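Me: Could you take a close look at one part of this model, and then set that part against its wider surroundings? Please be careful about what each statement rests on.

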Amino acid sequence: MWSEVMCVTKDGLEQRALHGPSCSAEFVGPVGQGTLNAHAHDKPVMERLWNLSENDAGFAWTL
C-alpha cells in the first residue's frame, strides 16, 4: 500500500516506472523505484496480457 500512496502524493516520479519495495530482490524494504524489465514496454506483450486478463476476469473495459 505504501507504493500506491507514494505514487499518488510524490512529485517528480518517473512515469512508466515500477515503484515498490527496493531491497532484497525487491520483495521487502523501503518504497523506491524498482527494476522494470524491457518486456514491460513491449506493446504486443502489454496488449496480450490485457486481453488475457479481461478474458480470465470475465470483464471487459470499454472507453
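Reply: In what follows, a strand is a DSSP run of type E of at least two residues, and strands are numbered from the N terminus. In this sense His19 belongs to strand 1, and the model in which it appears is a predicted one. Because its relative accessibility is 12%, and buried means under 20%, His19 counts as buried. Apart from residues up to four places away in sequence, His19 touches Ser3, Met6, Cys7, Leu13, Glu14, Gly32 and Gln33.

The part that I would examine most closely is Glu54 and what surrounds it, which begins with its position in helix 2, a helix covering residues 43-57. Glu54 is buried and yet forms no salt bridge, and the nearest side chain of opposite charge, that of Lys43, is 13 Å away. A salt bridge would require a side-chain nitrogen of Lys or Arg within 4 Å of a carboxyl oxygen. What, then, lies 2.9 Å from a polar atom of the Glu54 side chain? The backbone nitrogen of Trp61 is found at that distance. When residues up to four places away in sequence are left out, Glu54 touches Phe59, Ala60 and Trp61.

Two of these partners of Glu54, Phe59 and Trp61, also help to form a nonpolar surface patch of about 420 Å², the third member being Trp50. Phe59 is located in the segment that comes after helix 2, and it counts as partly exposed because its relative accessibility is 47%. Phe59 therefore is partly exposed while touching Glu54, a residue that is itself buried.

On the other side of helix 2 in sequence comes the loop that joins it to strand 2 (28-33), and Ala40 has its place there. Ala40 is partly exposed, because its relative accessibility is 28%. Its contacts, leaving aside neighbours within four places in sequence, are Arg16 and Met46. The C-alpha atoms of Ala40 and Ala17 are separated by 9.5 Å, although these residues are 23 apart along the chain. Asn37 lies in the loop between strand 2 and helix 2 as well, and its relative accessible area of 43% is why it is described as partly exposed. For Asn37 and Ala17, 20 residues apart along the chain, the C-alpha separation is 9.7 Å.

Two further residues complete the surroundings. Ser24, in the loop between strand 1 (19-23) and strand 2, has a positive phi of about 45 degrees although it is not a glycine. Most residues other than glycine have a negative phi. Ser24 counts as exposed, because its relative accessibility is 55%. Glu4, by contrast with the buried Glu54, counts as partly exposed because its relative accessibility is 49%, and its place is in helix 1, residues 2-9. Between Glu4 and Ala57, which are 53 residues apart in sequence, the C-alpha to C-alpha distance is 23 Å.

Technical notes
Residues numbered from 1 in each chain as written. Predicted model: local features only at pLDDT ≥ 70, side-chain atom pairs only at ≥ 80, totals over all residues. Heavy atoms only, no water. Helix = DSSP H or I, 4+ residues; strand = E, 2+ residues; numbered from the N terminus. Buried < 20%, exposed > 50% of the residue type's maximum accessible area, 1.4 Å probe, protein only. Lys, Arg positive; Asp, Glu negative; His and termini not counted. Polar contact = N/O pair within 3.5 Å; in protein donor to acceptor, adjacent residues only side chain to side chain. Contact = heavy atoms within 4.5 Å. Patch = residues over 30% accessible without salt bridge, like charges linked within 9 Å, V, L, I, M, F, W, Y side chains within 5 Å. Areas by Shrake-Rupley, 256 points an atom, 1.4 Å probe, with all protein chains shown as cover.
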